Amino acid sequence: DRRDKTDLPYKIEIYNCLIEYLSKLLQGKKPIILAGDFNIAHKEVDLANPKENENNTMFTQEERKQIDRIVKLGFVDTFRKFHQKNGYTWWLRAFNSKERNIGWRIDYIFVSRQLEPFLLNSFVPNLNISDHCPVITEIDI
């Protein structure tokens, strides 16, 4: 393993709290938009070098299961709904990673299922504003 996993139990604990909170929110039947830097690449397509990073932080099975749990609750990954290939949102600052398109998709916008019919598009713009790039999702309500 090339990355320190000291904080992984804490990260999973926080995801447990988040998922419990989201479960309660969903009972209210109000539409929910959940967006941010989740620091987890969900599937192999979500990073340039999945095999080399298989057990690294942000791509462990334990972390990836947290995104599975969010989806199973009834949330839609808006970017993945429209794109089956990569759309990286984070790159190492070293090694010209962004220019070489060696990135990870760790930033997401999820919506609760009742918003899915209103999704028009979701994409990652080509911006050089930081080591992250936002996901943009268009919704017509």
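On a 1 Å grid over the protein atoms alone, a pocket is an open set of points where a 1.4 Å probe fits, with protein on both sides within 12 Å along at least five of seven lines, and its lining residues have an atom within 4 Å of a point. Keep that at hand, and welcome to the tour.

This is a predicted model, in which local features need pLDDT of at least 70 and side-chain atom pairs count only at pLDDT 80 or more, while totals for chains, interfaces and linings use all residues. Residues are numbered from 1 along each chain as its sequence is written, and side-chain values use heavy atoms, with hydrogens and water left out.

**Stop one: the second largest pocket.** Please select H42, K43, D46, V71, V76, D77, R80, K81, R105 and E116, which line this pocket. Its space comes to about 160 Å³, a volume being the space filled by probe spheres set on the points, joined across faces, edges and corners. Colour the lining by class and you should find 7 charged, 2 nonpolar and 1 polar residues; here Asp, Glu, Lys and Arg count as charged, Ala, Val, Leu, Ile, Met, Phe, Trp, Tyr, Cys and Pro as nonpolar, and the others, Gly among them, as polar. Strand 2 and helix 3 (78-82) each supply at least two of the lining residues; helices (H or I, at least four residues) and strands (E, at least two) are DSSP runs, numbered from the N terminus.

**Stop two: the largest pocket.** Now pick N49, N53, L92, I102 and W104, the residues nearest its centre among the 15 that line it. About 320 Å³ of space lies here, and the lining has 6 nonpolar, 5 polar and 4 charged residues.

**Stop three: helix 2.** Select residues 61-73 and look for E63, R64, Q66, I67 and I70, the buried ones (under 20% relative accessible area, 1.4 Å probe, protein chains only). They sit on the same side of helix 2, because they cover an arc of only 145° around the axis, taken from the directions from the helix axis to the C-beta atoms. These buried residues pack against helix 1 (8-27), strand 1 (33-37), strand 2 (75-77) and strand 5 (107-112). Step just past the helix to G74, where phi is positive, about 125°.

**Last stop: E138.** Find this residue in strand 7 (residues 136-139). Leaving aside neighbours within four places in sequence, E138 is in contact (heavy atoms within 4.5 Å) with F118, L119, L120, N121 and F123. For a distance check, E138 and L127 are 18 Å apart, C-alpha to C-alpha, and 11 residues apart in sequence.

Note on methods:
Buried < 20%, exposed > 50% of the residue type's maximum accessible area, 1.4 Å probe, protein only.
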